[in-house]
Amino acid sequence: MRHSAKALLLLSAAIVGAPAFAQSTTASPAQAPTTADESRLADIVVTAQKRAQNVQDVPIAISAFTAEALQERAVQNVSQLSALTPNVNLDAGTPFSASTSVLAAYIRGIGSDDFAFNIDPGVGVYLDGVYLARTVGANQDLLDVERIEILKGPQGTFFGRNTIGGAISIVTRDPSDTFKVRGDFTTGQYNLFQGRGSADIPITENLRSSITFNVKRQDGFLKRIPFPDQRANNAPSFNSFSAAGYNSATDEGAANTASVRGKLKWDNGGPISVLLAGDYTKDRSTSANSVIGIFPNVPGNFAGTANLPGTAFDPTGTTGFTFAGLYNFCIGSTSAQIAARNAQALCGVSGTQVNPRFQLPSIASVNVDGNPANDRLPWDSRFVTNDPNRSYSTGNSYSDLQAWGLAGTLNFRLGPNIDLKSITAYREVNWNAGLDADGSPLNFSQLSFTLNQYQISQELQLLGNLFDKKLNYVLGAYYFKEGGNLHDYVTFAEGQVQVDGPNRLDTENYAFFGQIDYQPIDLISVSVGGRYTNEKKTFEGGQQELNGFNYKLFGCSNANGVITPNGPFPLAPITCFQGLDFPDPTNPVRVYVPGVNRKSFSNFSPKIGIQLHPADRLLVYASWSKGYKTGGWTTRLTNPQGNVAPDFNEEKATTWEVGVKSTLLDRRLQLNAAAFTTDYKDIQLNIQIGTSPTIANAGNARIRGFEVEVVAEPVDGFSINASLGYIDAVYTSVSAAAAAVGGANAFQAGTLVGQSLPKTPKFKLNISPRYKLGLGNGGALVLLGDFTHTSSVWNDTQRTLLLLRAPSDVFNANVTYEHPGDNWTLTVGATNLTDARYLTSGGSNLADGIIFGTYNRPREWYARVGFKF
């Protein structure tokens, strides 16, 4: 922090005294001039502190984007803001989510890269003040927005739990009191068609409405191609295994969305105004998955099949096979070789008598039995295409998301200096998705899910000021209730592991919050705030492993898939059920302990700040704040844990920040900067243990860095937006268990002290010049470029080498013709002009012998016609 503070002091001195051209090489909030005087930078009004303020007056590091800036830069969803915002990483999709509607959001090194119901986000996403509790559906289409606010650092006081990294606030446009229609149609690469429209419809003098819609269709960029070997036809179909659905596709990365939003506002100019809003989205867009690496044999203790003396498959504890190696052994070994390893049950019938619907024939010796008609493809690197646009996948590829919500906002002016605001909301998410993560015609990593969630929230805010507006205050109360279920279906290694996992989770919490901002003299103001939260969670897990692998591994099954839970355990004078530590005698393949689990959390997150106002449009601030992210349970188990439901506790962050915000040179230059250091404790690390993604409070970290954002308009018609972020986020401690599992090996650099956190590039630079050229007919041409450099970043906690996101340089550009009457425009542009390709997410499952990931989109052109009247 000492070095960051020195850098900021030097920067502050430069702001006051340096010439304009020296300052314009750094960075700031993305905006386009929107006032009548287009030779000056327009103010952006935000509500980051629950009341309307110029973003330059708010002592928080905020990147704010107007509707015009988003339109010009072709930003259509939340994840596309990542390139424009320093120290922020937003990805459309998480490992094995199968959908681009899932948002993996990280701000200043803190976030979440999962969609599981048991894992809460570390960055809160808010739609018109309503919290979106799930990452599924959080990658919102930015439909008719007024502005986007990205708040960095813990936002516990105003936004509450699960904003430990920051918050993203989406504010949509309210209805106008005059009739207006606006919209656009877009065509482009991969048969893109998109239509968007919005209409403001006044109903009476005091009642007005608006309706907005969006429809988008686009083919996928990743094409599925047949594998050139007839043995590919001998593997069982993916619909032979338990799954949430069975829908294949010829391409991946396709877009298929439709959404609508309606608003109704009543305001007669009196003390009460009411705003009702409703939105509905149906999204069938899919992510594109590529297999990055295949490793049939990985030494080490993976999935319980290695170094376990006394098991049927590994009596000496020296073999080190994985599920992938076991599959290859079974299809390529003679019956005598299989018998010599006591592996008849492991190579025999897949599944058990508990669920005969998903039993499949034995694969023992199929490649050496003299019958080529039943030969199987071995699992090896032949399926790695090394082409982000091609895959040999044949299994599931679909996503079906339906999300909707209703909200009512009541504003009541209690007096000349005091207002009461109420926000009431109900939302639902229903999602079904599946993907083939193995990139092959085999069933080595088939994953599908259903998620159903509802939430109810109520927030009350009391806002006012005293002493001739020298003291401003916000007091509030908040209630939130959430419930739903997530059902996991996973098939590994042709059914050697078959996960069927129904889970139910409910959350209820309440909170009280407040902040006082007091400015006794013009030079100094202070802020003091805090939030108390009380939360209760319940969870019931029903995870099953339908193949009964552990029974087969320890000699408690025959080759026909008949397990014997009550039979003798080979290693002790007890039954197999007892020896293998299964928890439910009524269901011998259930691995999760029966019953409802309960946890309670309480937290107080304070904030203290001091602000200096040495000159007009110059703010220097310092703050100290805390935030927390709630705990929960690990749910994706493939091995029994006895009568224990593995859980994890909350994680916490304490942040010190200093910053400066300035508008200079007669409002031609706006320069903001912040430096920060964060003590990040009890990190909820997602570590792959065998085939199970496991959550544990397994580390602490120190995060420090700075960010600079600038908007400059040195001459009329020409402006430049730029931003620079630097962050150094490293583990300061890692638990022994996490170090053992996430330690370095031939494939992974490991989760180690002194190493970087995932999803956190050290440097990010964005430069976006804009030039508006007036034409003789009264029209104009607007030329806009956009360049983003991002340094390398680890995509997963274990720092898997093949999943390292390489440094990237991405260029976008477009040109827009504005008609003299300002009632239509024509834009032609392209994204990712140099076709830079890099991995945006990925996962490793070394027990299954696979590393998979998702690439960014390739170069794409588009043409858009916009209209308004």
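Two rings of Phe, Tyr or Trp, with the six-membered ring taken for Trp, count as an aromatic pair if their centres lie within 6.5 Å. By that criterion, a search of the whole structure, which is a predicted model, finds 32 aromatic pairs. The points below take up two of these pairs and an aromatic cluster, then a glycine in strand S20, a three-stranded sheet and the second largest cavity.

**Aromatic pairs**

- Phe227 and Tyr392 form an edge-to-face pair, with 4.9 Å from centre to centre and 90° between the planes.
- This pair links distant parts of the chain, 165 residues apart, since Phe227 sits in the loop between strand S14 (222-224) and strand S15 (251-252), while Tyr392 sits in the loop between strand S19 (390-391) and S20.
- Phe227 counts as buried because its relative accessibility is 15%, under the 20% limit, and Tyr392 counts as buried because its relative accessibility is 15%.
- Tyr426 and Tyr454 form a stacked pair, with 6.5 Å from centre to centre and 20° between the planes.
- The stacked pair also links distant parts of the chain, with Tyr426 in strand S21 (residues 418-436) and Tyr454 in strand S22, 28 residues apart.
- Tyr426, at 25% relative accessibility, counts as partly exposed, and Tyr454, at 23%, likewise counts as partly exposed.
- Phe227 and Tyr392 also belong to one aromatic cluster, together with Tyr327, Trp379, Phe383 and Phe444.

**Gly408 in strand S20**

- Gly408 lies in strand S20 (residues 397-415), and it counts as buried because its relative accessibility is 18%.
- Apart from its neighbours within four places in sequence, Gly408 is in contact with Leu275, Leu276, Ser422, Ile423 and Thr424.
- The C-alpha atoms of Gly408 and Gly129 are separated by 11 Å, although the two residues are 279 residues apart along the chain.

**Sheet S4-S5-S6**

- Three strands form an open, antiparallel sheet in the order S4-S5-S6, with strand S4 (88-92) and S6 as the edge strands, each pairing on one side only.
- Strand S5 (residues 103-107) is joined to S6 by two bridges, and Ile107 stands opposite Ile110 in S6.

**Second largest cavity**

- The structure has 18 cavities of 30 Å³ or more, and the second largest has a volume of about 680 Å³.
- The second largest cavity is lined by 43 residues, and Pro95, Asp113, Asp114, Asn686 and Pro693 lie nearest its centre.
- Among the elements that give two or more residues to this lining are strand S6 (110-111), strand S22 (445-466) and strand S41 (839-845).
- The lining residues divide into 19 nonpolar, 17 polar and seven charged.

Notes. Residues numbered from 1 in each chain as written. Predicted model: local features only at pLDDT ≥ 70, side-chain atom pairs only at ≥ 80, totals over all residues. Heavy atoms only, no water. 1 Å grid on protein atoms, 1.4 Å probe; cavity = no way out; pocket = protein on both sides within 12 Å on 5 of 7 lines; lining within 4 Å. Points joined across faces, edges and corners; volume = space filled by probe spheres on them. Helix = DSSP H or I, 4+ residues; strand = E, 2+ residues; numbered from the N terminus. Nonpolar A, V, L, I, M, F, W, Y, C, P; charged D, E, K, R; others polar. Pairing = 2+ DSSP bridges. Buried < 20%, exposed > 50% of the residue type's maximum accessible area, 1.4 Å probe, protein only. Contact = heavy atoms within 4.5 Å. Phe/Tyr/Trp six-rings, centres within 6.5 Å; stacked < 30°, edge-to-face > 60°.
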